[in-house]
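Work through the exercises below with the sequence and the coordinates open. Each task is followed by a solution in steps.

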Amino acid sequence: MSIFLAFLIFFTSVTPHKYLPIDRIPVWESKNDPNIGPAFGQPEQIRLAYGGDQSTYSVTWQTYDDTLKSIVEYGTDISDLKNSVEGRCSVFLDGQKHSVWRYIHRVNLTGLEPGTRYYYHVGSEHGWSPIFFFTALKEREGGGFIYAVYGDLGVENGRSLGTIQKMTQKGELDMVLHVGDFAYNMDESNGETGDEFFRQIEPISGYIPYMAAVGNHEYYNNFTHYVNRFTMPNSEHNLFYSYDLGPVHFIVFSTEFYFNLHLGYHQMENQFNWLTNDLKKANANRKEVPWIITQGHRPMYCSDFDGDDCTKYESIIRTGLPLTHGYALEKLFYEYGVDVELWAHEHSYERLWPVYNRTVFNGTQQPYVDPPAPVHIITGSAGCRENTDVFIEHPPPWSAIRSTDYGFGVMRVYNSTHLNFKQINVAQGGTEDDDFWVIKSSLKHHRPFKHRDLKRLRTYGTHVPKHHCHHKSHCDETRKKRTRRHQNRDE
């Protein structure tokens with residue numbers, strides 16, 4: 001059958017992953033001229049993603065014309081890529097006035113043997129990529145997997161990019177967890193900034209799974225570039241999803257639904273209901289997969305100077321909608337025993353003491369051993385054109401460690417009891433800004449937090465009342481006086 005322009009325009013951002021018919025006849029073939037083929041059939045922007053279990057990967061790439069076929073050839077011998085899998089292709093038009101026709105190809109590889117190295121390339125008879133390789137995920141000697149963790153990586157000033165590329169090539173990383181904000185911004189220059197970003201991360205994403213969470217810089221046209229360009233497991237839209245790997249249940253969600261209410265409340269409600277159900281299932285399976293780690297872009301707590309939502313005692317992410325407290329995430333995550341919460345958005349690194357409802361567990365010598373509340377980590381300084389953020393001079397009690405230098409996190413979950421997190425400072429030549437452990441002494445400590453945890457939290461913690469002024473510079477009266485002085489000076 002023929003595909004006409006009007007028909008193809010249907011496949012826009014509002015219908016993500018709407019695949020082209022297999023029996024289609026592209027425009028170049030319909031002309032029945034042997035001198036005409038696809039004008040731009042060369043694959044680029046290759047990226048791997050974890051498929052939901054250790055035997056499954058997804059491969060995604062892009063062309064600028066319809067190549068009819070979307071093929072991955074792979075094998076354990078670089079000179080004999082004997083296995084071939086064909087996938088599907090969708091058209092992505094982002095809704096701009098001069099939308100570029102992007103063909104997004106997706107192929108699932110199944111039946112992979114954990115620990116086996118595979119060589120692969122992608123494409124069709126109209127163009128093939130270079131040969132890449134990956135090692136199907138298998139726990140490392142000594143236990144667990146190693147994750148690069150960061151957010152806010154842009155095309156310009158991507159200061160951490162080279163270090164992450166090098167670590168990937170040397171086999172020092174198993175997976176990337178990118179916690180929102182890509183390219184700055186993927187939709188800019190008619191989407192060319194997004195294309196350049198995926199080219200820049202290809203030395204990473206072509207070799208290890210690149211797992212994504214949505215951020216505020218993906219807001220354009222209801223997150224259309226994020227939704228259409230990525231392929232995350234167990235999801236058609238990539239905005240919220242979960243998966244297990246080793247001893248960890250990862251939950252990825254969108255904080256942006258709380259700040260884009262003009263798009264409606266249904267997205268927030270759907271996600272909250274999904275989160276509740278997913279957390280119930282995860283807790284029922286904690287004997288097999290004990291850790292629960294969440295990833296969302298905008299944090300609940302922070303102490304940067306930029307006045308973001310997380311600097312307020314009543315963050316909307318934490319306490320929910322004003323007045324009603326609907327869809328509050330802190331209480332939900334506490335009731336279901338989330339162990340670690342990964343954030344970005346602030347262009348800095350900050351590690352928090354275990355904290356719940358403004359009560360900070362900082363009164364013992366080992367606060368991260370069987371902590372009675374989740375541990376929050378903010379790592380959003382990978383590098384972008386907006387530079388790094390500065391911290392307030394007198395941070396709130398929940399702040400344990402801070403760095404304003406460029407860098408990224410490296411997390412290793414060794415087993416059911418030990419998790420290590422390091423913050424690598426690329427501005428200072430790869431030194432470590434932080435290195436700490438979260439320890440759960442036994443499986444029984446992986447569970448929903450209970451009344452005895454609250455009692456321990458309150459006994460050895462610092463409670464921050466709603467209107468507490470932890471330093472006079474933060475007091476309302478001081479702020480009012482400072483504001484009046486500035487106003488008088490300007491008059």
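A residue counts as buried when its relative accessible area is under 20%, as exposed when the area is over 50%, and as partly exposed in between. The model used here is predicted.

**Exercise 1.** Decide whether helix H5 is largely enclosed by the rest of the structure or not.

Solution. Helix H5 covers residues 220-229. Apply the cut-off of under 20% to its residues. Those that pass are Phe223, Thr224, His225, Tyr226, Val227, Asn228 and Arg229. That makes seven of ten residues buried, so H5 is largely enclosed by the rest of the structure.

**Exercise 2.** Locate Gly115, classify its accessibility and list its contacts beyond the neighbours within four places in sequence.

Solution. Start with the secondary structure: Gly115 sits in the loop that joins strand S6 (102-109) to strand S7 (117-124). Next, take its relative accessibility, which is 40%. Because this value lies between the limits of 20% and 50%, Gly115 is partly exposed. Finally, with neighbours within four places set aside, the contacts of Gly115 are Thr135, Ala136, Leu137 and Lys138. As a distance check, the C-alpha atoms of Gly115 and Pro396 lie 45 Å apart, with a sequence separation of 281 residues.

**Exercise 3.** Compare the radius of gyration of the chain with that of a compact globule.

Solution. For 491 residues, a compact globule would have a radius of gyration near 23 Å. The chain has 24 Å, which agrees with that value. The C-alpha trace spans about 80 × 60 × 45 Å along its principal axes. Of the 491 residues, 57% count as buried. Among contacts with a separation of 6 or more, 71% involve residues 24 or more positions apart.

**Exercise 4.** Give the secondary structure of the two annotated domains.

Solution. The chain contains ten helices and 27 strands. An unreviewed UniProt entry places "Purple acid phosphatase N-terminal" at residues 43-135. Over residues 43-135 the chain is 0% helix and 54% strand, and the end C-alpha atoms are 22 Å apart. The UniProt annotation "Purple acid phosphatase C-terminal", also from an unreviewed entry, covers residues 373-432. There the values are 0% helix and 45% strand, with 25 Å between the end C-alpha atoms.

**Exercise 5.** State how much area the chain exposes and how far apart the mean positions of its positive and negative charges are.

Solution. The exposed area is about 20600 Å², of which carbon and sulfur atoms supply 49%. The chain has 49 positive and 59 negative charges, and their mean positions are 8 Å apart.

Definitions and conventions:
Residues are numbered from 1 along each chain as its sequence is written. This is a predicted model: local features need pLDDT of at least 70, side-chain atom pairs count only at pLDDT 80 or more; totals for chains, interfaces and linings use all residues. Side-chain values use heavy atoms; hydrogens and water are left out. The radius of gyration is taken over C-alpha atoms; the globule rule is 2.2 Å times the number of residues to the power 0.38. Buried means under 20% relative accessible area, exposed over 50%, partly exposed in between (1.4 Å probe, protein chains only). Contact means heavy atoms within 4.5 Å. Accessible areas come from the Shrake-Rupley method with a 1.4 Å probe; for residues, only the protein chains shown count as cover. Lys and Arg count as positive and Asp and Glu as negative; His and the chain ends are not counted. The place of a charge is taken as NZ of Lys, CZ of Arg, CG of Asp or CD of Glu. UniProt positions are given in the numbering used here, feature names are shortened, and annotations may be inferred rather than shown by experiment.
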